[in-house]
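Here is a briefing on one protein chain, written to be read slowly with the structure in view. Please look over the sequence and the model first, and then follow the points below one topic at a time.

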Amino acid sequence: MLRGSSSEEDSSSDEDQNEALLVEDPEFDLLIFTQRWPITACYEWREKSADHICGLPSAQNIWTIHGIWPTKLNTIGPSFCNKTAVFNVTELDPIEKQLEQFWINVEKNKPYDSLWRHEWLKHGTCAAAVMVQLNTEDKYFGQGLTWLQQHSMADVLGEGGIKPGQNYTVLEIRQVLIDRLQKNMAIECYHDKETKQQFLNEIRVCFNKNLELENCDGILFEDVFIDQPQGKIITNCNVNKPVFYPATVPLSRYEKTHMSPFDLHTKFLEEYKRQKAKENKNMKILVNIYKLIQLLKWSTM
């Protein structure tokens with residue numbers, strides 16, 4: 001099973017209470033800073049039940065924080081390192097507005113602070129036991145906000161030409177990450193069992209205990225080995241299939257079942273118009289480039 005995959009990272013209080021009985025040695029090697037694409041996270045959540053609704057950030061095209069996970073190489077954990085710990089949301093008052101935007105719980109059916117509570121009790125307590133820099137709720141969550149500002153995947157991917165609404169290969173995504181951060185990171189996909197499509201879901205960036213960027217080699221994940229200069233790819237994505245980076249939340253299977261033919265037609269037209277607008281924009285750019293080339297040719301005659 002994937003380290004920290006969405007199925008493992010359920011933020012229910014029942015799971016917290018059960019797992020908290022198993023206190024572990026807090027020592028670890030790396031901190032995995034996990035950013036998620038909320039569009040995919042929302043789609044995954046809505047696919048699980050017709051009753052599920054999403055909470056998405058108000059700003060568009062931003063990646064949000066899933067968590068900071070202390071991790072031993074080649075194993076899972078540690079987790080729940082302090083069974084007497086309690087989560088006090090009031091300690092986050094100074095940064096709560098930022099967390100509401102950038103560390104948002106996409107699973108809106110759950111309690112308001114359930115994701116923060118889960119992340120602190122399961123992972124934050126282990127970081128706090130070892131590192132003074134992360135030994136309070138304010139420090140732990142504040143560090144996540146700092147790292148997001150420094151290494152936002154919206155900026156990293158966007159600057160490398162990886163934009164929402166398109167398909168990319170795992171190799172293309174990974175190359176952009178390496179070019180910009182000079183480290184090997186983990187790429188996580190959500191696999192739609194019905195459509196067999198895979199969606200870009202999370203990027204996991206690793207840091208050492210000095211809070212410096214580090215290669216993620218050795219974290220427990222599905223490694224794909226490809227003979228190339230940069231070494232192995234850390235991913236659960238199928239490298240032989242395209243990875244879709246959605247710009248909008250796709251219809252869930254429940255929505256498809258209950259939509260009227262008129263609604264389905266309207267949805268199709270909206271998507272068609274969006275794609276045509278993008279094609280027209282690209283065509284205008286090509287035409288302008290062609291005109292510029294012709295002008296340069298004429299001026300040198």
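Helix α2, which runs through residues 38-48, is mostly covered, since ten of its eleven residues are buried. The model in which this helix is seen is a predicted one, and in it the chain has nine helices and nine strands.

**Helix α2 and the chain around it**

- The buried residues of α2 are not of one chemical kind, for they include Ile39, Ala41 and Trp45 as well as Glu44, Arg46 and Glu47.
- Over the chain of 301 residues, buried residues make up 48%.
- The accessible surface of the chain comes to about 15,600 Å², and carbon and sulfur atoms account for 54% of that surface.
- If one takes the contacts between residues at least 6 apart in sequence, 75% of them join residues that are at least 24 apart.

**Helices α4 and α5**

- Helix α4 covers residues 114-130, and its 17 residues reach 24 Å from the first C-alpha to the last, which is close to the 24 Å expected at 1.5 Å a residue.
- Within α4 there is a kink of about 50°, and this kink is centred on Gly124.
- Because 13 of its 17 residues are buried, α4 is largely enclosed by the rest of the structure.
- Helix α5, made of residues 137-151, has 15 residues and reaches 21 Å from its first C-alpha to its last, close to the 21 Å expected at 1.5 Å a residue.
- Among the buried residues of α5 are Tyr140, Phe141, Gly144, Trp147, Leu148 and His151.
- An α-helix has 3.6 residues a turn, so residues three or four places apart point the same way; with that in mind, the reader can look for Gly144 and Leu148 in the list of buried residues of α5.

**Strands β1 and β5**

- Phe33 lies in strand β1, which is formed by residues 30-36, and with a relative accessible area of 0% Phe33 counts as buried.
- The C-alpha atoms of Phe33 and Val205 are separated by 5.1 Å, although these two residues are 172 residues apart along the chain.
- Leaving aside residues up to four places away in sequence, Phe33 touches ten residues that include Ile65, Ile68, Gly144, Leu148, Arg204, Val205 and Phe207.
- Arg204, one of the residues that Phe33 touches, is found in strand β5, which spans residues 198-207.
- Is Arg204 buried or exposed? Arg204 counts as buried, because its relative accessibility is 0%, and its side chain makes a polar contact of 2.6 Å with the side chain of Glu202.

**The nonpolar cores**

- In soluble globular proteins, nonpolar side chains tend to be buried together.
- In this chain the largest nonpolar core has 60 residues, and those with the most contacts inside it are Phe141 and Leu157.
- A second, separate core has nine residues, and Leu30, Trp69, Cys206 and Ile234 are included in it.
- Leu157, when residues up to four places away in sequence are not counted, touches Trp63, Ile162, Ile173, Val176, Leu177, Leu200 and Tyr245.

**The loop between β2 and α3, and other backbone details**

- Most residues other than glycine have a negative phi, and most peptide bonds are trans.
- Which peptide bond is cis, with omega near 10°? The bond in question runs from Gly77 to Pro78, and Pro78 is found in the loop between β2 and α3.
- Phe80 also has its place in the loop between β2 and α3, and Phe80 has a positive phi of about 50° although it is not a glycine.
- With a relative accessible area of 3%, Phe80 is buried.
- Lys196, which lies in the loop between β4 and β5, has a positive phi of about 65° although it is not a glycine.
- Lys196 is exposed, because its relative accessible area is 57%.
- Ala85 is found in the loop between β2 (64-71) and α3 (96-102), and it touches Leu121 and Thr125 when residues up to four places away in sequence are not counted.
- Ala85 and Thr125 are 40 residues apart in sequence, while their C-alpha atoms are 7.4 Å apart in space.

Technical notes:
Residues numbered from 1 in each chain as written. Predicted model: local features only at pLDDT ≥ 70, side-chain atom pairs only at ≥ 80, totals over all residues. Heavy atoms only, no water. Helix = DSSP H or I, 4+ residues; strand = E, 2+ residues; numbered from the N terminus. Buried < 20%, exposed > 50% of the residue type's maximum accessible area, 1.4 Å probe, protein only. Contact = heavy atoms within 4.5 Å. Areas by Shrake-Rupley, 256 points an atom, 1.4 Å probe, with all protein chains shown as cover. Polar contact = N/O pair within 3.5 Å; in protein donor to acceptor, adjacent residues only side chain to side chain. Expected span 1.5 Å × (residues − 1). Bend = angle between axes of the 7 residues up to and from the residue. Core = buried A, V, L, I, M, F, W, Y, C linked by side-chain atoms within 4.5 Å.
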